[in-house]
Amino acid sequence: MRVNVVGAGRVGRSFMTLLSDLPGHEVGDVLSSGFASAQAAVADAGAGRAVRALDEMTPADLWLLTVPDDRIAEVAISLAASSRFSGTGQCPMAVHCSGFLSSNILAPLRDAGWSVGSCHPVRSFADPALAAQQFAGTFCGIEGDRPAVTAMSQLVSAVGGVPFDVGTESKALYHAAAVFSSNFTVVLQAMAQEAWRSAGVEAGIAEALSRSLLHSTTQNLNDLSPRDALTGPAARGDTAVLSQQAEVLEAWRAEAAEVYRGLSALAMRLKQDGTTG
């Protein structure tokens, strides 16, 4: 299978590295926001051919569109407008890697006879080389047309990932869940460290406290349901502590107090009913 890559950023480079040694697959043409970026990606992966523009690219079986979300529609329109990109198989396929957008953003390609889909690897790609090394076991949410879904699921499995189905109409909610699970965890840890420092705890100790509590919480969640892993005043139903603590936070930072009250209400509901809904 020949795979072209449009967007040689962190996700694109990671996939290029993963594909470079995968039997039965080859990295074809690579296009990025700048020619130097495409050249660097090809050099790092040891595979592919850097090009300067879309009209320099040659057909492929699968196109990975790893550009920013706000460029996916533009790339799809440009690809659909060219009759040259018919692929080397009977049905050319295009897959984007946005967590938020569904395959419907590729409607121009679908209308032109392509099979389209999306694949969202649920992991951080801060360092492409490290992400490729650690990709084994990475869950990847995949949705779209059956040929594209099948091909991308097989590719993900071949490089050690774990593909799973996501509903096309539920893609935005799916991505929001990932934001809650990962991104907001980081924000909450930052807020906790800032509150500890404001309370007079040394910065190094505040960071250590954050790491220690996060580690023990993760261990609990690995072994228990969220309801059983939950501890603290909300889990105990200690409304007096919750009320007084919210007042203290109001004086410290109003936004933190708002978050605290909202999460405390959800925590009490979780402990009582087993869900936050």
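Let's start with how helices H1 and H2 cross: in this predicted model, the crossing of H1 and H2 is right-handed. H1 covers residues 10-20 and H2 covers residues 35-45. The two pack at an angle of about 35°, and their axes are 9 Å apart.

Who makes that contact? From H1, we have Arg 13, Met 16, Thr 17 and Ser 20. H2 brings Ser 37, Ala 40, Ala 41, Val 42, Asp 44 and Ala 45. Sorted by character, the contact residues of H1 and H2 come to 5 nonpolar, 3 polar and 2 charged.

Now please turn to the sheet. In what order do the 8 strands lie? Going across, you read S3-S2-S1-S4-S5-S6-S7-S8, in an open sheet with mixed pairing. Strand S3, residues 49-50, and S8 stand at the edges. Each of these has a single partner strand, so one side of S3 and one side of S8 are left without a neighbour in the sheet. As a reminder for anyone new to sheets, strands pair through backbone hydrogen bonds, either parallel or antiparallel.

Let's look at two of these pairs. Strand S1, residues 2-6, runs parallel to strand S4, residues 62-65, and 4 bridges join them. To find one on your screen, go to Val 5, whose bridge partner in S4 is Leu 64.

Further along the sheet, strand S7, residues 139-144, pairs with strand S8, residues 162-165. This pairing is also parallel, over 4 bridges. Here you can pick out Ile 142, with Asp 165 as its bridge partner in S8. Which helix joins S7 and S8 in a β-α-β unit? That is helix H6, residues 146-158, and the unit is right-handed.

One more helix to show you: H7, residues 171-198. H7 lies across four strands, namely S5 (93-96), S6 (115-121), S7 and S8. Relative to S6, helix H7 runs at about 15°.

Finally, let's zoom out to the whole chain. The domain assignment gives domain 1 as 2-169 and domain 2 as 180-273. How many Å separate the centres of domain 1 and domain 2? Taken over C-alpha atoms, the separation is 38 Å. Thanks, everyone, and do have a look around for yourselves.

How values were computed:
Residues numbered from 1 in each chain as written. Predicted model: local features only at pLDDT ≥ 70, side-chain atom pairs only at ≥ 80, totals over all residues. Heavy atoms only, no water. Axes fitted to C-alpha atoms, helices over the stretch in contact; angles between N-to-C directions. Left-handed = near helix turned anticlockwise from the far one by under 90°. Contact = heavy atoms within 4.5 Å. Nonpolar A, V, L, I, M, F, W, Y, C, P; charged D, E, K, R; others polar. Pairing = 2+ DSSP bridges. Right-handed = clockwise from strand over helix to strand, strands pointing away. Domains from an automatic or database assignment.
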